[in-house]
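Colleague: Got a minute to go through this one with me? Let's start with how the chains meet.

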Amino acid sequence: MSSFELILFYLFSSVALISAMAVVTVKNPVHAALSLVLTFFNIACIWILMHAEFLGVALILVYVGAVMVLFLFVVMMLDIDVVPLREGFARFLPVAAGVAAVMLLEMLLLLGKSAKVASAYALEDHGANSNIVLLGQLLFDRYMLPFEVAALILTVAIIAAVALTLRHRVGVRTQDPGKQVLVRKQDRIRLIKMAAVKPETEQ
Amino acid sequence: MITLYHALALSAALFAISIAGLIINRKNLIVLLMAIELMLLAVNMNFVAFSHFNNDLNGQVFVFFILTVAAAESAIGLAILVLLFRNRRTINVGEFDSLKG
């Protein structure tokens, strides 16, 4: 059973790495966004393999379903001329490959030393509680305040995104509640005292 | 048997690929944003791996919050990108030099 997990892990991680490399190398930005979707999907599968089911599904829902859709909207809306953007590609490719290889080698060497003491996992029996139940208990118990702060951050992000890209069209008649509230009575109406006009009685 | 080393190596490889992507695509703002998302994904992978192999659920809670903040950040980043395109008609980072910085 565990060797099947290993095979699955290798499969998912190889597809994830290949599509990650495709993200940074393809010409067409739509293809890059779709490769990123594939990467996220494979990493979500690995997380589900590691018994983090809520996070795996949340990654697909939030990242693929919302963030990548947003990316695709933006990529498709903007009329981008991709040719000048590839200008430094061939020039920087050896530098980038060198830097990435050195970083990867350093990280793997560091992991190699400490991995000798890391033992294989033993899944603790949490009883009948699923991953979601335990996460929920943690989130609403110890992490209540960060949860609320995260909600605030999302609200601020919404307001910021709308406020940044809002365009006021000239010549459209709309209501402005701010100005409506500032109206004063003496600007709008003037009451005059007039004597009553008596109709002439006919003789 | 999947060990911690496998998962951390995967996370390190993802991070290195995104660094390479940042260096290669220095002009293309959209691919830069996508490379940043890849970096965040590598960090999340790290957290989930440690959470699994230490039987500690706090790592997964932190991934939850990283997901939230990363989604907010990419939304605002894309809004800025749209604004830049609206004003400059380009997303070539090399052409945003009016501040002469």
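**Chain contact and a surface patch**

Modeller: Sure. Bear in mind that this is a predicted model. The contact draws on 80 residues of chain A and 65 residues of chain B.

Colleague: What's the area buried between chain A and chain B?

Modeller: About 6900 Å², with 82% of that coming from carbon and sulfur atoms.

Colleague: How many salt bridges are there across that interface?

Modeller: Zero between chain A and chain B by the rule. As for polar contacts, six residue pairs are counted between the two chains, both residues being at pLDDT 80 or more.

Colleague: Which elements of chain A give two or more residues to the side touching chain B?

Modeller: Helices H1 (2–25), H2 (29–49), H3 (53–77), H4 (89–115), H5 (131–141) and H6 (144–165) of chain A. H4(A) gives the most, with 13 residues.

Colleague: And what's the make-up of that side by class?

Modeller: The side of chain A that touches chain B has 66 nonpolar residues, along with eight polar and six charged ones.

Colleague: Switching topic: which residues make the nonpolar surface patch?

Modeller: A:Ile48, A:Val57, A:Leu61 and A:Val62 make a patch of about 320 Å².

Colleague: Which element gives the largest share of it?

Modeller: H3(A), with three residues. A:Val62, for one, lies in that helix of chain A, H3.

Note on methods. Residues are numbered from 1 along each chain as its sequence is written. Chains are lettered from A and ligands numbered from 1 in the order in which they are written. This is a predicted model: local features need pLDDT of at least 70, side-chain atom pairs count only at pLDDT 80 or more; totals for chains, interfaces and linings use all residues. Side-chain values use heavy atoms; hydrogens and water are left out. Contact means heavy atoms within 4.5 Å. Buried area is the accessible area (1.4 Å probe) that two parts lose on being put together, summed over both. A salt bridge is a side-chain nitrogen of Lys or Arg within 4 Å of a carboxyl oxygen of Asp or Glu. A polar contact is a pair of N or O atoms within 3.5 Å; within protein, one must be able to donate a hydrogen and the other to accept it, and residues adjacent in sequence count only if both atoms are side-chain atoms. Helices (H or I, at least four residues) and strands (E, at least two) are DSSP runs, numbered from the N terminus. Ala, Val, Leu, Ile, Met, Phe, Trp, Tyr, Cys and Pro count as nonpolar, Asp, Glu, Lys and Arg as charged, and the others, Gly among them, as polar. Patches are made of residues with over 30% relative accessible area and no salt bridge: like charges are joined within 9 Å, nonpolar side chains (Val, Leu, Ile, Met, Phe, Trp, Tyr) within 5 Å. Accessible areas come from the Shrake-Rupley method with a 1.4 Å probe; for residues, only the protein chains shown count as cover.
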